[in-house]
Amino acid sequence: MQISSYISNVSRVVAKFTAQNEKTEPEKEASGVSAADAFLKEARKSPAQRIRDQILARMKLDEESLASMPAEKRAAVEKQIAEELKRQLSGEKDRRGAAVDLTA
């Protein structure tokens, strides 16, 4: 008798746990996007797009706020982004500010 009551208790707990997990979907964040989806979205970006996103984040901007700027201000920000992209993608970032000439 004890074994059968134990089994029925275990099955009730398992059923309750399964029902709760199906409702909450713990792998999803509050925004409704899973961590895997967020990772894949980031992984599909080109290196230039990742750098652009980092530069915009440093400027405390996003694509929407950049698009809503006046044309002159947006052009100035885009120019800064282009210069930074060129510098980072060409490797000049590593040589900038070096006190020693490592080419000799």
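# Helices α3 and α5 in a predicted model

Biologist: Among contacts in the protein with a separation of 6 or more, what percentage comes from residues 24 or more positions apart?
Modeller: The model is a predicted one, and its contacts with a separation of 6 or more are the ones to consider. Within that set, the share held by residues 24 or more positions apart is 36%.

Biologist: How many helices and strands does the protein have?
Modeller: Along the sequence the pattern reads α-α-α-α-α-α. Of the 104 residues, 14% count as buried. The totals are 6 helices and 0 strands.

Biologist: What end-to-end reach does α5 have, and what is expected at 1.5 Å a residue?
Modeller: Helix α5 covers residues 71-90, which gives 20 residues. From its first C-alpha to its last, α5 reaches 28 Å, close to the expected 28 Å.

Biologist: Why are the buried residues of α5 on the same side of the helix, and what arc do they cover?
Modeller: The residues in question are Val-77, Ile-81, Glu-84, Leu-85, Arg-87 and Gln-88. They are on the same side of α5 because the arc they cover around the axis is only 165°. In general, an α-helix has 3.6 residues a turn, so residues three or four places apart point the same way. For the buried residues of α5, the arc is 165°.

Biologist: Which exposed residues are carried by the face of α5 turned away from its buried side?
Modeller: The buried side of α5 includes Ile-81 and Leu-85. The face turned away from that side carries Glu-72, Lys-79 and Lys-86.

Biologist: Which residue follows α5, with a positive phi?
Modeller: Helix α5 takes in residues 71-90. The residue after α5 has a phi near 90°, and that residue is Gly-91.

Biologist: Within what arc do the buried residues of α3 fall?
Modeller: Helix α3 has 12 residues and reaches 17 Å, close to the 16 Å expected. Its buried residues are Ile-51, Arg-52, Ile-55 and Leu-56. They line one face of the helix, because seen down the axis of α3 they fall within an arc of 135°.

Biologist: Against which helices do the buried residues of α3 pack?
Modeller: On the other side of α3, Pro-47, Ala-57 and Arg-58 are exposed. The buried residues of α3 pack against α4 and α5.

Biologist: At what angle do α3 and α5 pack?
Modeller: Two packed helices are described by the angle between their axes and the distance between the axes. Here the axes of α3 and α5 are 10 Å apart, and the angle is about 130°. That makes α3 oblique to α5, because angles that are neither under 35 degrees, nor over 145, nor from 65 to 115 count as oblique. The packing angle of α3 and α5 is about 130°.

Biologist: In which crossing does α3 pass α5, left-handed or right-handed?
Modeller: On the α3 side, the residues making the contact include Ala-48, Ile-51 and Ile-55. On the α5 side, they include Glu-78, Ile-81 and Leu-89. The crossing of α3 past α5 is right-handed.

Biologist: Is Arg-52 buried or exposed, and what is its relative accessible area?
Modeller: Arg-52 is found in helix α3. Beyond residues up to four places away in sequence, it touches Glu-63, Leu-66, Glu-78, Ile-81 and Leu-85. Arg-52 is buried, because its relative accessible area is under the 20% cut-off. The value for Arg-52 is 15%.

Biologist: What distance separates the C-alpha atoms of Leu-89 and Pro-47?
Modeller: Leu-89 lies in helix α5 and is exposed, with a relative accessible area of 51%. Leaving aside neighbours within four places in sequence, Leu-89 is in contact with Ala-48 and Ile-51. Leu-89 and Pro-47 are 42 residues apart along the chain, and their C-alpha atoms are separated by 8.5 Å.

Biologist: Which residue has a positive phi although it is not a glycine?
Modeller: The phi in question is about 60°. The residue follows α3 and is found in the loop between α3 and α4. It counts as exposed because its relative accessible area, 76%, is over 50%. The residue is Lys-60.

Key:
Residues numbered from 1 in each chain as written. Predicted model: local features only at pLDDT ≥ 70, side-chain atom pairs only at ≥ 80, totals over all residues. Heavy atoms only, no water. Helix = DSSP H or I, 4+ residues; strand = E, 2+ residues; numbered from the N terminus. Expected span 1.5 Å × (residues − 1). Buried < 20%, exposed > 50% of the residue type's maximum accessible area, 1.4 Å probe, protein only. Arc of directions from axis to C-beta. Axes fitted to C-alpha atoms, helices over the stretch in contact; angles between N-to-C directions. Left-handed = near helix turned anticlockwise from the far one by under 90°. Contact = heavy atoms within 4.5 Å.
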